[in-house]
Amino acid sequence: MSAYEQIDARPLTGHQKSLIALMVAGNISEFFDMFLIGFVVSVLTDAWRLTGIEAGVILACSGLGTVIGSIVWGALGDRIGRKRVFQWCVSCFVSFTACSVFLSNGAWLALAFLRIGVGMGVGGLNVTSIPYVQEFVPARQRGMLSGLVSVFIPLGLLFGSLAQGIVGDDWRLLTALGTLPAFLLLWLRTVPESPRFHQLGGNSVLAREALAWALEIPAAEVGALPQVRVTMMTARARYRELFSRYLRPVAIVSLGSFCFILGGFAVQSWGQTLLKDVFGLPTRMVAYLFIGVSIADCAGRFASAWLADVMGRRRTVALFGLVGALGCFYAAFIHDSAWQFYGAVLVIMTFADGAFGILNVFGAEQFPNEVRSTGLGLGYGIGATAKIAGPAFLGALVGGGFISQRIDMSVITIAFSFFAICLVVGAVIYLCARETRDTELEEL
C-alpha cells in the first residue's frame, strides 16, 4: 500500500490523536482569549463609561487583527510550514494579551490597538491548524476529524463565561487569564511538521519520517509517497496561481465566510452587552447564560462536522445557514423579553456559527496542497472583515452616547434582520462550491 492508503486503512494512532488534540486545544485557547474581550467590554461599559462607538471600535479591532492574521499567516503556512506558524501565532496573541493587563483606566484606544495583535494570532492559527490536521488523517474521516479543530472553539466562550462568573468585574484579572495558553508551545515540540509540506519542499525523507510518526511504525515500513509537483513558491507566485486558476473558490470562501461570520461574531462580541444593557440582566447571570450559548455552539459544530461526511459539505452548510437565518429573523421581530432573545441567540449560534464545524474545512478542500493554507487564509481573511463590520455596525446603531443610556430595541431589529439576509446569501453561495466528500487531497 502507499503511505496514504496505510493511513486510510488503519485506526487512528495515539500520535494522530495527539496532533488533533493539540490543534483543538490551540483553537480553544486562542478563542478563549478572543471571546474574553466581549466579557471585558461588558464590564468596561460601566467602569470606563464607554460609548457605543468606543465599544464598537474595541470589538472591531479584534476582527481587524483576524483579517490580517488570516491572510499573512495563511501564506506563511505554505511557505515556512504549519508547525512554525502555530508557534508564532501562540506567541503573538499571548504577548499582546499580556500587554493589555497593564493599561491605565480609560485607555480604550490602546486596548483597541492591542486587540489587533491578539486577533492576528487567532486568525493565523485558525487557518493553518485545519490543513495541518487534514494532512495527517484518513480521507473518509477528514471532514469530521479536521472539523474537530473548529468544533470545540465555543468552549473558549464557555471558559470565558466561567471566568467572568468567578472573577466578576475585575477586568485586569479576566484579561490576564488569556495568557495561559503559552503552555501549548511545550506540547508543540512533540509533533512533526506536515508530511505534505516536506514533500512539496522536496524533502521526501522528512515527509516519510512524519508519516512514520503518525502511523507509529519505522520509516522503512512507510509505503510509497504520492507524486507531487515539488515547489517552494514565493508568496507572489502563490497569489498569482490563486487568482489565475482558483478565483472561483477564493470568491466562494471569501463571500460565504463573510455572510456566516457576520451575525455569529456580532452575537459573540455584543451579545453580553445587549442582554445586560437592553434587557437589564445582571453581569453574572449573563456570564452563566453564555455557558449555554457555548454548549449550543459546540453541539452545532459537532453536528455539521459529522453530517458533512454523511450528507456532503454543500448540503450541510446550506441547511445550517438557512436555519440560522430563521433564528436571526426571530431575534429581530420577537424579543419582548430577555428569554425570547436568548432563545434566538441559541438558535443562531447552534446553526449560523455551528456551520463552522465544517465551513473552514470545506474552504481548505477547495484548494490543492501547494496553496491550501494560502487560499484558505486569503478567503477566510477577506470573509473575516465581517468581524470588523458586525461589531462596528452594532456600535454605530447604538451611537455616541453612554451605552446603557442609549441602546434600545430598534438596534436589535435592524441588525438581526440584516444578519438573517446575509445568512441566506451565504447558504446559496456554498451550494456553488465543489463537493469534496471522500476525495483524496491529491485529487483536489
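This passage describes the nonpolar cores, two helix pairs and one buried arginine of a predicted model. Local features need pLDDT of at least 70, side-chain atom pairs count only at pLDDT 80 or more, and totals for chains, interfaces and linings use all residues. Residues are numbered from 1 along each chain as its sequence is written, and side-chain values use heavy atoms, with hydrogens and water left out.

The largest nonpolar core has 117 residues. A nonpolar core is a set of buried Ala, Val, Leu, Ile, Met, Phe, Trp, Tyr and Cys residues joined through side-chain atoms within 4.5 Å. Buried means under 20% relative accessible area, exposed over 50%, and partly exposed in between (1.4 Å probe, protein chains only). Met23, Phe86, Phe260, Leu275, Phe341 and Phe416 touch the most other members. Helix H2 (residues 14-47) gives the most to this core, with 16 residues. Helices are DSSP runs (H or I, at least four residues), numbered from the N terminus. Apart from this core lies another, of 10 residues. Tyr4, Ile7, Leu211 and Ala212 are among them.

Phe416 touches Val267, Leu274, Cys328, Ala331, Ala332, Phe341 and Ile348, with residues up to four places away in sequence not counted. Contact here means heavy atoms within 4.5 Å.

Helix H6 (residues 142-151) is mostly covered, with 10 of its 10 residues buried. The axes of H6 and helix H14 (residues 283-310) come within 8 Å and cross at roughly 165°. Axes are lines fitted to C-alpha atoms, for helices over the stretch in contact, and angles run from 0 to 180 degrees between N-to-C directions. The angle therefore makes H6 roughly antiparallel to H14 (over 145 degrees). On the H6 side, the contact includes Arg142, Gly143 and Met144. On the H14 side, Phe302, Trp306 and Asp309 are among the residues taking part. The contact residues divide into seven nonpolar, three polar and three charged. Ala, Val, Leu, Ile, Met, Phe, Trp, Tyr, Cys and Pro count as nonpolar, Asp, Glu, Lys and Arg as charged, and the others, Gly among them, as polar.

Helices H3 (residues 52-79) and H4 (residues 82-100) form another pair, with axes that come within 7 Å and cross at roughly 145°. Trp73, Leu76, Gly77 and Asp78 of H3 meet Arg82, Val85, Trp88 and Cys89 of H4. Five of these residues are nonpolar, one is polar and two are charged.

Arg313 is found in helix H15 (residues 313-333). Arg313 is buried, with a relative accessible area of 0%. Beyond its neighbours within four places in sequence, Arg313 is in contact with residues including Arg142, Gly143, Glu365 and Glu435.

How values were computed: Parallel < 35°, antiparallel > 145°, perpendicular 65-115°, else oblique.
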